[in-house]
Amino acid sequence: YDPADKESEMSKSMAAFADLLADRGLEIKTLKLSEVDRIPEDCALLVINNPRTDFTYDENRLDEFFYVSDTEKIDRYLVMKQGAVMVAKDYRITLPVFENFLHEWGFKFSDSVVVDRESSLEDENNTATNIIAKYDTNTDSYGYALYGQYADLTSAPLTVFSDTGSVECSFADSVSEGEPGTGYASKQYTPYLTTSNTAQRYLRDEVSGEITTIIDGEAKQHHLAALTVRSEIDPIANEKTYSYLFCVNSPSFLSNGLLAEESYANYDILSVAISNISRVDEHASMDLGALSGNSASGGGKLITSTAMSTEDKTLYSNKYKDGDSSKGLIVIKENHGI
């Protein structure tokens, strides 16, 4: 998205996300990372959306005193400025330097597409790749702390991922990892949105785009969006500070196709995440698992309320009634709006 050229096709495709950021009180500026020495002091949230080429990293210059690679700039922003970064990556594109950096921060990305026949919307070829994400109902989880109001609803609004890969924790032995050389800082990985327990991953043909070979025979829950929260204790003041890295493995998650669809909860779910990680007020320092205004006990920020849609709309699953194609698809929502 280019705020200086809002009428470009690329900017138009990101207009809903731009509106979301503006609603949260954020001003959009573009940043060419390789042309600056460091990320600006006033950066409340660094968004890296659908990168197509890898980040600069010259191992022959590592012994130069003033050389700082692009990923090192991001790392310094997160560690020294308690920053917030949001990444939406295309699972079909491999970016070794960038992915190595994200691996150190707790993220491992699949290069395959997720198929979830238990929790997906109808599509033309019945691919089950328009996935209805699952909310975490564990009241001690970070996801629930942010969207508890939605997770508790009997018929919760749908958050949808279209054509997405998965993310998983890269830490070796657990979901958290201390930083070498200090007992005061650690990173904790936590899922935000997931598939059902029966999802699987498949290869997608690069030329035809068709889903081909299953790459793991185990059906299980996959993470669609996740965060790593870095916490650091000031040994003098005995106070904690936080930085956040939020990742999805989908090229379309921030685009109009999902965010501008009133029948989905994508806008609100993303909005509440941004509200609570961006570096603009005290809510950006909420603890892992802390209560939010979307849970019963208060605190944090409320999900933005949105008017009911006046359009009659029926959403179908990708499954047939009683497994019989002659009986039609199972209805998920009727006259659905938020």
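User: Which side chains along strand β1 (residues 46–49) are buried, and which are not?

Analyst: Leu46 and Ile48 point to one face of β1 and are buried, while Val47 and Asn49 point to the other and are not. Buried means under 20% relative accessible area (exposed is over 50%, partly exposed in between; 1.4 Å probe, protein chains only), so Leu46 and Ile48 fall under 20%. In a regular strand the side chains alternate between the two faces of the sheet. This is a predicted model, in which local features need pLDDT of at least 70 and side-chain atom pairs count only at pLDDT 80 or more, whereas totals for chains, interfaces and linings use all residues. Residues are numbered from 1 along each chain as its sequence is written, and side-chain values use heavy atoms, with hydrogens and water left out.

User: Why are β1 and strand β2 (residues 84–88) said to pair?

Analyst: Strands are DSSP runs of E with at least two residues, numbered from the N terminus; helices are runs of H or I with at least four. Two strands pair if DSSP finds at least two bridges between them; β1 and β2 share four, in the parallel sense, and therefore qualify. Leu46 has Val85 in β2 as its bridge partner.

User: What makes strand β10 (residues 200–204) and strand β11 (residues 211–214) a pair?

Analyst: Two bridges link β10 and β11 in the antiparallel sense, and Tyr202 stands opposite Ile214 in β11. Their hairpin has six residues between the strands, and Gly209 takes a positive phi near 80° there.

User: Which residues is Gln200 in contact with, leaving aside its neighbours within four places in sequence?

Analyst: Gln200, in strand β10, is in contact with residues including Val113, Val114, Val115, Ile214 and His222. Contact means heavy atoms within 4.5 Å, so each of these has a heavy atom within that limit of Gln200.

User: What lines the largest pocket?

Analyst: A pocket is an open set of points on a 1 Å grid over the protein atoms alone, with protein on both sides within 12 Å along at least five of seven lines, and lining residues have an atom within 4 Å of a point. By that rule 37 residues line the largest pocket, with Lys29, Thr30, Leu31, Val47 and Ile48 nearest its centre. The largest share, four residues, comes from β1.

Notes. On a 1 Å grid over the protein atoms alone, a cavity is a set of points where a 1.4 Å probe fits but cannot get out, and a pocket is an open set with protein on both sides within 12 Å along at least five of seven lines; lining residues have an atom within 4 Å of a point.
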